[in-house]
Amino acid sequence: MRIRTDSSSAQRLRTHGVTNDEIEKARIFVFNQQAGAAITLPIPLLGPTIFIKKKYLVFEPPVDGGEPQLEDGPSIALLRHEFCHVRQILEWGSLKYMPRQL
């Protein structure tokens with residue numbers, strides 16, 4: 001999934017320091033097979049990709065028929081942290097990011 005920069009979820013992420021560029025370039029997949037709660041990797045042809053367990057991608061119910069918004073709390077803190085890795089991938093490039101993270 002991608003988060004649209006004009007969405008309420010993007011607005012909430014921006015209040016936590018995530019930039020529009022990071023939001024536009026990141027892809028998010030619910031993936032429950034990784035050992036930790038989430039991991040961010042530079043995937044060829046996809047770019048910075050966040051794999052996050054479903055229980056950590058929490059949305060508030062939609063208001064007035066609108067779209068659901070990311071819940072503000074511990075779950076958004078984890079997603080915010082993963083966006084730090086997105087920023088690193090964008091700044092350093094994929095080839096420099098992987099050895100630094102390992």
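How much accessible surface does the chain have, and what share of it belongs to carbon and sulfur atoms? In this predicted model, the accessible surface comes to about 6,100 Å², and 57% of that area belongs to carbon and sulfur atoms. Of the 102 residues in the chain, 34% are buried.

The overall dimensions come next. Along the principal axes, the C-alpha trace spans about 45 × 30 × 25 Å. A compact globule with 102 residues would have a radius of gyration near 13 Å, and the chain, at 13 Å, agrees with that expectation. Contacts across the sequence add to this picture: among those between residues at least 6 apart in sequence, 47% join residues at least 24 apart.

The secondary structure consists of four helices and five strands. Read from the N terminus, the order of elements is α-α-β-β-β-β-β-α-α.

A good place to begin a tour is threonine 5, which is found in the segment before α1 (8-15). Its relative accessibility is 26%, so threonine 5 counts as partly exposed. Leaving aside residues up to four places away in sequence, threonine 5 touches Ala10, Arg14, Asn20, Ile23 and Glu24. A longer view is given by valine 63: threonine 5 and valine 63 are separated by 58 residues in sequence and by 19 Å in space, C-alpha to C-alpha.

The tour continues with the sheet. Three strands form an open sheet in the order β1-β3-β2, with mixed pairing. The edges are taken by β1 (27-30) and β2 (38-43); each has a single partner strand, so one side of each is left without a neighbour in the sheet. On average, neighbouring strands of this sheet are turned by 25° against each other, direction ignored. In general, strands of a sheet pair through backbone hydrogen bonds, in either a parallel or an antiparallel manner. Here, β1 and strand β3 (residues 47-52) run parallel and are joined by four bridges. Within this part of the sheet, arginine 27 stands opposite threonine 49 in β3.

Aromatic rings also link β1 and β3. Such a pair of rings is described by the distance of the centres and the angle of the planes. The count of aromatic pairs comes to three. In one of them, the rings of phenylalanine 29 and phenylalanine 51 have centres 6.0 Å apart and planes at 25°, so this pair is stacked. Because phenylalanine 29 lies in strand β1 and phenylalanine 51 in strand β3, the pair ties together parts that are 22 residues apart in sequence.

Are these two rings buried or partly exposed? Phenylalanine 29 counts as partly exposed at 33% relative accessibility, whereas phenylalanine 51, at 17%, counts as buried.

Phenylalanine 51 also pairs with phenylalanine 31, and this aromatic pair is edge-to-face, with 5.6 Å from centre to centre and 65° between the planes. Phenylalanine 31 lies in the loop between β1 and β2, while phenylalanine 51 belongs to strand β3, so the pair ties together parts that are 20 residues apart in sequence. With a relative accessible area of 38%, phenylalanine 31 is partly exposed. Taken together, Phe29, Phe31 and Phe51 form one aromatic cluster.

Methods. Residues numbered from 1 in each chain as written. Predicted model: local features only at pLDDT ≥ 70, side-chain atom pairs only at ≥ 80, totals over all residues. Heavy atoms only, no water. Helix = DSSP H or I, 4+ residues; strand = E, 2+ residues; numbered from the N terminus. Buried < 20%, exposed > 50% of the residue type's maximum accessible area, 1.4 Å probe, protein only. Contact = heavy atoms within 4.5 Å. Pairing = 2+ DSSP bridges. Axes fitted to C-alpha atoms, helices over the stretch in contact; angles between N-to-C directions. Rg over C-alpha atoms; globule rule 2.2 N^0.38 Å. Areas by Shrake-Rupley, 256 points an atom, 1.4 Å probe, with all protein chains shown as cover. Phe/Tyr/Trp six-rings, centres within 6.5 Å; stacked < 30°, edge-to-face > 60°.
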